[in-house]
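Visitor: I am new to protein structures and would like a close look at one part, taken slowly. Could you pick it and explain each term as you go?

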Amino acid sequence: MSLITVTSPHATRSGNHTGAFMRQVVYATIPGIVVMTWLFGWGTLFNLMIAIPAALLAEAAVLKARGYNVRFALRDWSAVVTAVLLALAIPPTSPWWLIVIGIIAAIVVAKQLYGGLGMNPFNPAMVGYVVLLISFPLEMTRWIGPHEAPSWFDSFRMVLASANVDAFTGATPLDSFRTWAGNAEQLQALPILHGEFASLGWEWVNIAFLIGGLYLLARKIISWHIPVAMLAGMALIALPFWLFDDARYASPLFHLFSGAAMFGAFFIATDPVSAATSRYGRLIYGALIGVLVWIIRSHGGYPDAVAFAVLLMNLAAPTIDYYTQPRTYGHHRAKRGATR
Amino acid sequence: MNASIGKPRLLFDFHGGIHPPQNKTLSNQRPIRPAPLPAQLILPLNMHLGAPAKPVVQVGDEVLKGQKIAEAQGAVSLPVHAPTSGKVVAIGPRPIQHPSGLDAPCIVIEPDGREQWCELHPLPDWRTCCPPSALIPRLREAGVAGMGGAGFPSAVKLSPRAEHPIEQLVINAVECEPYITADDMLMRERADQIIAGVEILRHILNPKEVIVGIEDNKPQAIEAMRRAATGSGIEIAVVPTKYPSGGEKQLIYMLTGKEVPSGGIPAQVGVVCHNTGTALAIHRAIVFGEPLISRVTTLTGKALREPGNMEVLLGTPVSALLDAAGADMNRIGRLVMGGPMMGFTLHSSAIPVVKTTNCILAATAEELPPPATEQPCIRCGSCADVCPADLLPQQLFWYSKNQDLERAQQYNLMDCIECGACAYVCPSHIPLVQYYRFAKGEVRKEMAEQQKADRARQRFEARQDRLAKEQAEKEARRKARLEGSKPAAASGVDVAALKAASLEASAAYKAAVKALKAAEAEGSDQVAALASDVEQLKAKADAAKAAVRDAGNAPAAPVVDVAALKAASLEASAAYKAAVKALKEAEAAGQDVTALRTEADALKAKADAAKAAVRDAGPATAKAAPVQPATAEQPAAEKADDGAERAQKMKALKTAFNMSHKHFKEATAALEHAEREGADNLEELRKQVERFKLKADKAKAALGLLVDQAKADMRASGSDLKSLKIEAAQTEAAARQKARELEAARVKGDDERINVLSRELDALQREAQVAAGALKAATDEQGLADA
Ligand code: SF4
Ligand code: SF4
């Protein structure tokens with residue numbers, strides 16, 4: 001009889017560990033990956049194939065330098081999740097070095113230099129994305145027109161940075177809308193703004209990520225608060241402006257199914273480490289991201305805005321948490337931002 | 001209202017909760033069987049929550065079944081009874097059920113197998129024989145304690161305060177912990193007795209409603225209880241299966257919608273909650289006069305061949321029960337007393353069953369695998385989703401881990417019920433509850449220390465005050481002596497100044513009284529501190545008044561007045577500082593502070609005025625009044641502060657040393673224990689012993705260093721014991737010398753000289769007193785350091 005002494009509880013939920021959580025997130029991106037590959041070609045897969053090993057290597061190197069058990073730590077799959085999210089966020093035309101720089105910014109700077117998993121105040125994938133967007137604006141805005149997927153060979157040459165990428169790229173729906181905002185005729189005429197129900201091609205990307213997100217909800221990997229609040233925030237602020245002037249402002253539906261809306265709502269804003277953590281806090285956090293996305297899309301200098309909105313709200317998350325503590329059992333009022 | 005046919009109760013759902021695998025069928029398949037009589041019964045004197053009982057038998061005494069062998073000590077305490085007839089063979093420390101793994105005093109009885117009862121006093125006509133409250137002492141004498149949770153003496157819960165009329169009596173039959181089926185089986189087999197016990201409780205408390213809460217996973221128990229309760233008006237409420245619905249606070253909320261206030265007790269919201277097993281024990285204690293000497297305990301776990309429930313005599317060692325249940329010793333990976341969620345692991349199978357032991361879980365390593373390695377918190381929020389107290393466990397974890405106790409308390413650390421739901425779901429396998437327990441312990445320790453420090457500070461300040469006063473008096477007398485022959489000059493001015501000082505002092509006193517009243521009205525917790533302030537200020541005001549009187553009677557030299565002014569100024573600024581402190585505290589406590597603020601301002605003005613007066617008076621009398629006293633006082637005070645700080649540190653270090661020494665001793669004991677039992681983790685234990693020894697040594701070394709420093713400091717400042725001793729002796733000698741001179745003068749009849757000498761003698765005697773006092777204080781401090 002071995003009498004170990006440990007504190008209660010003695011039971012834990014079986015099959016319940018951080019690695020499994022993270023793996024589910026990776027699985028949930030599969031519909032999105034499939035649709036993106038269908039629309040934009042092999043580039044997406046190449047992105048993933050470069051990003052994942054790069055992330056694992058970068059993570060392992062830093063962990064080793066910090067004296068951690070590398071094998072054990074890598075099993076939390078967090079590096080893979082970051083890699084996948086970043087790979088899906090950057091254009092499928094990206095050369096390999098762009099991906100590697102993004103990964104290093106995400107894993108080494110945004111995550112490990114802040115103390116590793118659980119300590120990073122900012123969403124690592126989005127830090128990587130923004131670093132790239134600011135440093136290499138040209139490379140980062142070369143999206144392929146939907147349904148004009150290049151051959152795998154062309155995609156491969158793009159990865160090696162030896163192809164004339166411009167031959168394959170075109171403006172995204174959000175780009176086009178921004179360019180022609182105010183010009184009702186043009187908006188009417190641009191085919192890319194008119195898919196089945198929202199923007200051409202990208203509507204399917206968004207639907208795919210929505211499906212993945214619903215899977216995460218069903219598996220209780222994420223809670224509904226942030227995505228619902230974010231999408232609602234975005235739609236609710238878009239609605240009156242669109243009603244007021246539909247030549248200048250896009251419809252709520254267009255916003256919800258363009259760019260990184262669904263991807264951001266279910267996969268980026270929900271990154272638990274850098275998000276708000278209380279229930280009310282998550283609602284506020286999500287809603288403000290939605291509003292910020294709309295503001296930046298409609299009035300900012302960049303066509304899509306999820307990364308900036310999320311990073312801005314990452315900054316605000318601790319404060320939001322501080323002011324949204326739940327009311328504890330047996331207390332009359334919640335201690336909200338109660339000061340010392 | 002007949003609940004058994006009435007519509008189901010409207011239930012409130014508490015936040016969070018989890019659904020761990022039940023594993024109840026393992027133990028509820030066979031009826032309750034009696035446990036075998038063991039070779040020895042080990043009865044801890046502390047089977048309940050509260051003060052331990054005091055033995056009333058001696059080694060060698062023959063005892064009868066049910067005989068009292070230890071009596072309660074204090075209001076929250078219970079007696080202990082012999083579970084069977086036999087002989088007391090030992091009274092001394094044995095390993096007991098405490099999570100810390102410490103040994104505690106126990107009475108050991110060797111049964112004679114005759115099961116001979118002592119005389120009992122049954123009370124079958126309890127309804128009519130006496131007033132309900134007369135039943136409460138009987139329950140106490142029968143040793144009835146809460147049998148589900150912490151073992152709180154039941155009698156205490158049955159005498160609620162008059163201002164909390166009891167509306168609901170809640171019987172907790174939920175048994176939400178996995179594996180445990182003791183209450184389930186008890187209800188299936190003895191529902192009538194349980195209901196009879198509930199009737200007694202109802203008779204005593206006279207509540208509006210009686211509700212029995214049972215989880216819906218016990219259909220047979222529900223059926224049996226419904227049948228037994230038919231026509232009694234006792235409501236059987238079925239609650240959904242969810243852990244921890246059996247937590248007292250959670251159950252009360254589910255059934256009544258009332259929340260027990262944070263840090264309060266259920267009676268404050270008109271609810272009293274008892275456990276089913278307790279109800280049964282109450283029934284037997286009243287109707288048959290039987291004390292609580294046995295209980296039903298679940299023996300379960302996959303390492304047992306014949307799991308089930310047993311009627312166990314209290315004091316039966318766990319090992320005897322494991323044998324009876326056919327334990328496969330090699331397969332036991334973890335031995336838990338209680339359930340898998342809130343129970344604690346046993347370090348020895350010699351530990352006895354006590355009043356609160358509802359379950360012995362002998363789990364295999366596959367069943368309850370060793371804890372997985374902790375990973376970083378990813379703030380996923382799963383823990384917050386399941387927390388029944390609606391806390392943010394991830395934040396608590398963060399602050400507990402970083403020992404930021406203040407923040408942790410702000411996130412309501414102390415409201416955590418340690419249910420373990422958060423740790424159960426945490427994907428990073430963080431032993432959250434362990435962190436909370438640690439942090440809570442630290443908070444409690446800090447509170448206790450704070451109280452102690454406050455008391456010490458008050459004592460210290462009082463002493464400082466006294467010394468300063470004595471010093472000032474001495475100074476005044478010396479000056480008077482010096483100036484005695486010279487004519488007094490400009491005495492009128494000084495009297496005025498003294499009067500002003502007196503007025504100020506009494507104003508300060510009045511202000512303090514006002515502050516005290518305000519604090520009392522608001523129920524602030526600083527009332528005690530403020531009251532002592534008031535007293536001090538009153539003393540000061542009185543002293544100032546007396547000074548005015550004295551000055552009026554015998555116009556003194558200006559020097560005296562400067563001293564008095566200085567004293568007044570010091571007092572005024574002290575009063576101001578006190579007011580500022582009170583203000584800050586009040587602000588911190590979030591009270592209305594405007595009144596206090598104006599007071600503080602007024603006091604500041606006064607202090608400034610007093611200071612100005614000192615300044616003005618100073619130049620005029622600079623020649624006559626050497627400034628030493630004031631300057632000498634300052635460093636002395638600072639030094640004293642320094643000393644106090646060091647004493648504080650020393651105390652802390654001493655505690656640290658004591659703690660680690662205790663740990664070391666415990667570890668050594670555990671090691672010996674293990675060696676005796678031939679356990680297989682000797683190496684680990686040995687290492688632990690080493691570690692604690694190292695820690696203790698370190699603390700001791702640090703303490704030594706500090707003591708040496710303190711000694712060196714004292715020497716450097718000329719205030720070490722030796723010089724203090726010399727000083728004391730010298731002043732005493734001088735006083736004696738003066739006395740002799742005075743005697744001689746008396747003999748000569750020199751009136752003038754007698755006068756002077758007697759005044760001088762007076763001063764010297766005071767000086768001697770002060771020196772002796774300082775010496776004593778220093779010795780005390782030293783003693784503190786050396787002890
Ligand atoms: S469940 Fe564990 S990992 Fe998740 S937030 Fe709570 S403590 Fe952190
Ligand atoms: S142990 Fe404390 S923090 Fe964790 S779920 Fe229970 S009450 Fe909440």
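Guide: What follows is a walk through chain B, from its overall make-up to some of its details.

This is a predicted model, in which local features need pLDDT of at least 70, side-chain atom pairs count only at pLDDT 80 or more, and totals for chains, interfaces and linings use all residues. Residues are numbered from 1 along each chain as its sequence is written, chains are lettered from A and ligands numbered from 1 in the order in which they are written, and side-chain values use heavy atoms, with hydrogens and water left out.

Let us begin with the whole chain. Chain B has 21 helices and 17 strands; these are DSSP runs numbered from the N terminus, with at least four residues (H or I) for a helix and at least two (E) for a strand. Of its 787 residues, 48% count as buried, where buried means under 20% relative accessible area, exposed means over 50%, and partly exposed lies in between (1.4 Å probe, protein chains only). Chain B exposes about 36,900 Å², and carbon and sulfur atoms supply 55% of that area; such areas come from the Shrake-Rupley method with a 1.4 Å probe, and for residues only the protein chains shown count as cover. Take the contacts (heavy atoms within 4.5 Å) in chain B between residues at least 6 apart in sequence: 74% of them join residues at least 24 apart.

Now for the strands. In one open sheet of chain B, 6 strands follow the order β1-β14-β13-β17-β15-β16, with mixed pairing. β1 (33–34) and β16 (344–345) of chain B stand at the edges with a single partner strand each, so one side of each has no neighbour in the sheet. Two strands pair if DSSP finds at least two bridges between them. Within chain B, β15 (residues 332–337) and β17 (residues 359–364) run antiparallel and are joined by 5 bridges. You can find Leu335(B) opposite Ala362(B) in β17(B).

For a parallel case, look at β9 (residues 168–173) of chain B, which pairs with β12(B) over 5 bridges. Here Val170(B) stands opposite Cys273(B) of β12(B). Strand β12 (residues 271–275) of chain B is mostly covered, with 5 of its 5 residues buried. The cover reaches both faces of β12(B): Val271(B), Cys273(B) and Asn275(B) are buried on one side, and Val272(B) and His274(B) on the other.

Next come two helix residues. His283(B) sits in helix α7 (residues 276–288) of chain B, and it counts as buried because its relative accessibility is 9%. Its C-alpha atom is 6.5 Å from that of Gln193(B), although the two residues are 90 apart along the chain. Beyond its neighbours within four places in sequence, His283(B) is in contact with Gln193(B), Ala196(B), Gly197(B), Ile200(B) and Phe288(B). Asp184(B) belongs to helix α4 (residues 182–205) of chain B; its relative accessibility is 2%, so it counts as buried. Not counting residues up to four places away in sequence, Asp184(B) touches Asn28(B), Glu175(B), Lys218(B) and Ala221(B).

The loops have details of their own. The peptide bond from Tyr243(B) to Pro244(B) is cis, with omega near -5 degrees, and Pro244(B) lies in the loop between β11 (235–239) and α6 (248–256) of chain B. Glu115(B) is not a glycine, yet it has a positive phi of about 50 degrees. You will find Glu115(B) in the loop between β8 (103–111) and α1 (126–129) of chain B, where its 30% relative accessibility makes it count as partly exposed.

Finally, the ligands. The residues around ligand 1 include Cys377(B), Cys380(B), Cys383(B) and Cys426(B), along with Arg379(B) and Gln394(B); a residue belongs here if one of its heavy atoms lies within 4 Å of the ligand. By class, that shell has 8 nonpolar, 3 polar and 1 charged residues. Ala, Val, Leu, Ile, Met, Phe, Trp, Tyr, Cys and Pro count as nonpolar, Asp, Glu, Lys and Arg as charged, and the others, Gly among them, as polar. Ligand 2 is surrounded by 13 residues, of which the closest are Cys387(B), Cys416(B), Cys419(B), Gly420(B) and Cys422(B). Its shell has 11 nonpolar, 1 polar and 1 charged residues, and α12 (421–425) and α13 (432–483) of chain B each supply at least two residues of it.
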